[in-house]
Amino acid sequence: MKRALITGITGQDGAYLAQLLLKKNYKVSGTYRRLSTPNFWRLHYLDIYDKVVLIPADVRDSKSLYETLVKTDPDEVYHLSAQSFVGASFDQPLQTSDITGFGVLRMLEEIKKFNDKIKFYHAASSEMFGDSINKPKNENSPFHPASPYALAKVYGYWTVDMYRKAYGIHATNGILFNHESPIRGLEFVTRKISNGVAKIHLGLANDLKLGNLDAKRDWGYAPEYVEGIWKMVQQKKPEDYVLATNDSHSVKEFVLEACKAAGVSSKKIKSTKSNFRPLDVQYLQGDYSKAKKKLNWKPKTKFSELVKIMVNEDISRWERWLKGEYFFWDAITSGDDSYIIAKKRKN
Ligand code: NAP
Ligand code: F7E
């Protein structure tokens, strides 16, 4: 039985990857941060909480990473831990560099000491490309990072490249474009929209305030991307790969599709300056030709289908919860949403 360690197993990709690896008969371990309120809702939602081994560790603490390697003795390490929200990286640039950038260095250093035969995956990002010429980006496109988050990912990317060349470690950068799902964090724009229109549809909110509606992204469906991640790590020779859909849509288009799916007027969705970033990437579109050719990977879920999956799931959750059904879900612990639920249930 192969052993996999996932840092960031409590996040969107960590949970889907754990589910996939369990199906492939791996022994799956994952790291989580000690928080005052535990954050295992995604593992419960996918019904895999009791099927994985959970180990407390923080990527800012090398000792905890080394101890995790000793405890799990993995064949493969999927390093997904990050402060992954671009918006927050402008408010906390140093913390983001430490977690998202130096975290990669710390993990690779401990792997080098413990067992340099471990196969390593780093979750790099399309944000590294930033705004440049308006053409689809592949593995050879130059980087123009436009946020502290993107800078940290570029640092991690080159760290992987260096450890591969200097120490012969089987290390891979997955350059993933945006990928979304019903278990995406509530702060990311797609989930903010699906959750927002679901509440408007049910009369629980009057409107939704977003920021830059003109930004374009290449949005895919997360469960398909974790399959691509696993395929990268199985290659004989470690290389870097782009995963994307080769299609790009604006935030405005996402709003319109979501409103259509929920039967809500798009006039209720507004843009406010306070939700704009100091600097934003206006256009991102990927080119996954290499992954198609070498990994036999391709995305299946189209943009409008993705929007429907997310909107329908959020409407259904709100309906179930308001009927009194109990299940693990993030909105029940998020400030504004938990207040709506508490108020509705009292009435
Ligand atoms: P996510 O949902 O935000 O999950 C991030 C994970 O990192 C969570 O498990 C989080 O733990 C953990 N983490 C944060 N700070 C940590 C620390 N100091 N020590 C240990 N763990 C820490 O992100 P995601 O969407 O699953 O993305 C996974 C990875 O892919 C990230 O590295 C992200 O930057 C990258 N990526 C994502 C996308 C995308 O579209 N989703 C695209 C390109 C790259 P808590 O649950 O305790 O917060
Ligand atoms: O923003 C605009 C925002 O936060 C997308 C992360 O997974 O993908 C993600 O990063 C766009 C931006 O994702 C709101 O300004 C408008 O142009 O959903 P997002 P992101 O920044 O693209 C990459 C590949 C990663 O690696 C990251 O980890 O939408 N936008 N109005 C808004 N964004 C948010 N969050 N909230 C708004 O109200």
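**A tour of the two ligand sites**

Begin by selecting ligand 2: in this predicted model, 22 residues surround ligand 2, and those that come nearest are Ser 84, Ser 125, Tyr 149, Arg 277 and Asp 280.

Next, display the side chains of Arg 277 and Asp 280. An N or O atom of the Arg 277 side chain lies 2.7 Å from an oxygen atom of ligand 2, and the side chain of Asp 280 places an N or O atom 2.6 Å from a ligand oxygen. Then turn to the backbone of Glu 187, where a polar atom is 2.9 Å from a nitrogen atom of ligand 2. The protein buries 95% of the 700 Å² that ligand 2 exposes when taken alone.

Colour the shell of ligand 2 by class to find nine nonpolar, six polar and seven charged residues. Colouring by domain shows that domain 1 (3-180 + 219-243) and domain 2 (189-218 + 250-283 + 303-346) each contribute at least three residues to this shell.

Now select ligand 1. Its surroundings comprise 26 residues, with Thr 10, Arg 33, Asn 39, Ser 84 and Tyr 149 coming nearest. Ser 84 and Tyr 149 were also listed among the nearest residues of ligand 2.

Show Thr 10 and Tyr 149: the side chain of Thr 10 has an N or O atom 2.6 Å from an oxygen atom of ligand 1, and for the Tyr 149 side chain the distance to a ligand oxygen is likewise 2.6 Å. At Leu 80, a polar backbone atom is 2.8 Å from an oxygen of ligand 1. Of the 900 Å² exposed by ligand 1 alone, 91% is buried by the protein.

Finally, highlight α1 (12-23), β5 (119-125) and α6 (148-167), each of which supplies at least two residues of the ligand 1 shell. The largest share, three residues, belongs to β5.

Technical notes: Residues numbered from 1 in each chain as written. Chains lettered and ligands numbered in written order. Predicted model: local features only at pLDDT ≥ 70, side-chain atom pairs only at ≥ 80, totals over all residues. Heavy atoms only, no water. Near = heavy atom within 4 Å. Polar contact = N/O pair within 3.5 Å; in protein donor to acceptor, adjacent residues only side chain to side chain. Areas by Shrake-Rupley, 256 points an atom, 1.4 Å probe, with all protein chains shown as cover. Helix = DSSP H or I, 4+ residues; strand = E, 2+ residues; numbered from the N terminus. Nonpolar A, V, L, I, M, F, W, Y, C, P; charged D, E, K, R; others polar. Domains from an automatic or database assignment.
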